Number of protein chains: 2
Amino acid sequence: MAESNAGDETGRLRLDRRARRRQETTEEILDLATEVMTEHGVNGLTLAEVARRLGVQTPSLYKYFPSIGAVYDALFERAAQQNLDALREGMARGEPGLDSLTTGLEASGRWVLKNQALAQLLFWRPVPNFEPSPAAFAPSKEIAGIQQQAIVEAVTAGQLGPDAFEEAGYMVAILIKGVLTQAMANEPHLDWGKGRYTPLFPKLLKLLPAAYPPART
Amino acid sequence: MAESNAGDETGRLRLDRRARRRQETTEEILDLATEVMTEHGVNGLTLAEVARRLGVQTPSLYKYFPSIGAVYDALFERAAQQNLDALREGMARGEPGLDSLTTGLEASGRWVLKNQALAQLLFWRPVPNFEPSPAAFAPSKEIAGIQQQAIVEAVTAGQLGPDAFEEAGYMVAILIKGVLTQAMANEPHLDWGKGRYTPLFPKLLKLLPAAYPPART
DNA sequence: GTCTATACTCCGATAGAC
DNA sequence: GTCTATCGGAGTATAGAC
């Protein structure tokens with residue numbers, strides 16, 4: 001109570017600064033963890049290696065995360081959020097319906113190829129005994145909803161027949177995951193749009209009307 | 001030279017028996033390694049755990065494999081060979097062309113869903129610092145050739161246009177990998193033909209003629 | 001071909017001084 | 001919030017007796 005008379009303002013600023021500094025360190029830990037996963041595989045992440053790169057001793061990291069599982073969880077959530085953002089931005093660049101879905105998934109694919117370690121954590125679940133928390137999983141659920149909404153708009157616009165409601169979302173997921181799996185396994189150093197697989201994606205999405213033909217007008 | 005007069009026949013039988021016993025143990029090690037990967041993930045394979053399950057001390061395994069990398073290599077080769085066998089058998093049950101390709105890839109998909117740990121080793125390369133040897137990779141190369149051959153037959157039979165030569169093999173790879181990736185990530189306990197993804201595979205392959213329309217006759 | 005013993009390296013996590 | 005020290009455990013691999 002009687003320690004410092006510097007005033008409320010300075011006190012709050014100091015707290016804010018500390019909170020901000022802590023937040024920055026937390027983000028840096030996650031950045032370094034992503035680097036380690038990129039070099040040593042998703043399972044090759046260790047707190048010891050992150051600590052070395054941060055220039056700090058391993059136990060210090062436990063002031064920021066209670067366990068390595070918590071680090072994975074934060075990585076999962078951040079990755080899902082970034083992928084969701086990429087999808088949203090990409091979809092905004094296209095006309096509602098199949099066009100928007102195409103530009104959105106291409107933007108999502110670009111993010112995946114530039115963040116392959118995070119994408120593996122997100123899509124393939126390669127870490128035994130790690131299950132993302134509900135909070136970390138929330139953005140992933142939103143992605144599925146957004147894609148289904150695009151299908152609905154494509155049906156409304158007459159681009160797809162009404163039988164697309166049930167199945168087309170799964171088909172779209174198959175197509176984008178197939179393209180990305182092949183690209184990551186066989187051409188991991190190429191960006192989206194290069195190589196043998198990702199350029200085929202627009203062609204694949206254009207096949208959807210053949211699978212779910214709209215009623216002729 | 002002058003050790004035993006039991007005769008050539010007995011000597012050869014003894015050698016054969018020893019060789020057979022050694023081969024059996026080798027196979028058992030690979031079976032147990034597959035079990036461990038199924039339970040603990042592909043990266044969760046350790047020689048210590050395999051030794052425990054075999055009822056033997058860890059160093060004994062080094063009489064059969066010089067390193068854990070050699071175990072991964074043998075697993076990779078065996079998996080690729082089994083998958084190739086499944087594809088061949090499945091293709092033999094269909095008419096040459098797209099029909100054969102469909103039945104073959106469905107049989108391959110059935111094998112994958114029943115051997116998911118091996119399939120991950122085969123398709124996703126989740127083990128850092130492990131590259132399959134050329135010998136282990138040979139069956140995988142043959143699979144690509146067989147699929148391309150089926151495309152050629154489909155074009156010859158007039159099911160696909162000639163522009164399929166270049167691209168359709170990659171498209172087929174995208175489709176089967178997409179279906180399997182989604183099934184393994186979201187419905188790993190379901191067999192082929194069940195769930196939301198694998199039943200869509202025939203429908204997807206039937207879209208190929210829409211992508212590469214044959215010349216009208 | 002099996003064992004014991006061991007060298008070596010690494011990791012996650014906690015306790016407690018500062 | 002950082003450090004040192006430490007516990008407890010795991011793994012790969014080798015040496016050498018039997």
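A polar contact is taken here as a pair of N or O atoms within 3.5 Å, and in this predicted model a phosphate oxygen of DNA strand D meets that criterion with a polar backbone atom of A:Gln57, at a distance of 2.9 Å. Two further backbone approaches to the phosphates of DNA strand D come from chain B, where a polar backbone atom of B:Leu47 is 3.1 Å from a phosphate oxygen and a polar backbone atom of B:Ile68 likewise lies 3.1 Å from a phosphate oxygen of the strand.

In total, 15 residues surround DNA strand D, and the closest are A:Val56, A:Gln57, A:Ser60, A:Lys63 and B:Tyr62. Of the atoms of DNA strand D that come within 4 Å of the protein, sugar and phosphate account for 71%. The surface near the strand is made up of eight nonpolar, four polar and three charged residues, and its largest share, three residues, is contributed by helix H2 of chain B, which spans residues 47-54.

The association of the two protein chains was examined next. The size of an interface is often expressed as the accessible area lost when the parts come together. For chain B and chain A the buried area amounts to about 2600 Å², with 76% of it on carbon and sulfur atoms, and 27 residues of chain B are in contact with 27 residues of chain A. Two salt bridges are counted between chain B and chain A; in the pair formed by B:Glu167 and A:Lys203, the closest N and O atoms are 2.9 Å apart. Five residue pairs in polar contact, with both residues at pLDDT 80 or more, are found across the interface of chain B and chain A.

On the side of chain B that touches chain A, the elements giving two or more residues are helix H7 (164-186), helix H8 (201-205) and helix H9 (208-211) of chain B. Helix H7 of chain B gives the most to this side, with twelve residues. By class, the side of chain B that touches chain A comprises 17 nonpolar, six polar and four charged residues.

Within chain B, attention may be drawn to B:Arg78, which is located in helix H3 (residues 68-92) of that chain. The side chain of B:Arg78 makes polar contacts with two acidic side chains, that of B:Glu27 at 2.8 Å and that of B:Asp31 at 2.9 Å. When neighbours within four places in sequence are left aside, the residues in contact with B:Arg78 are B:Glu27, B:Leu30, B:Asp31 and B:Thr34.

Note on methods:
Residues numbered from 1 in each chain as written. Chains lettered and ligands numbered in written order. Predicted model: local features only at pLDDT ≥ 70, side-chain atom pairs only at ≥ 80, totals over all residues. Heavy atoms only, no water. Near = heavy atom within 4 Å. Polar contact = N/O pair within 3.5 Å; in protein donor to acceptor, adjacent residues only side chain to side chain. Helix = DSSP H or I, 4+ residues; strand = E, 2+ residues; numbered from the N terminus. Nonpolar A, V, L, I, M, F, W, Y, C, P; charged D, E, K, R; others polar. Contact = heavy atoms within 4.5 Å. Buried area = accessible area lost by both parts, 1.4 Å probe. Salt bridge = Lys/Arg side-chain N within 4 Å of Asp/Glu carboxyl O.
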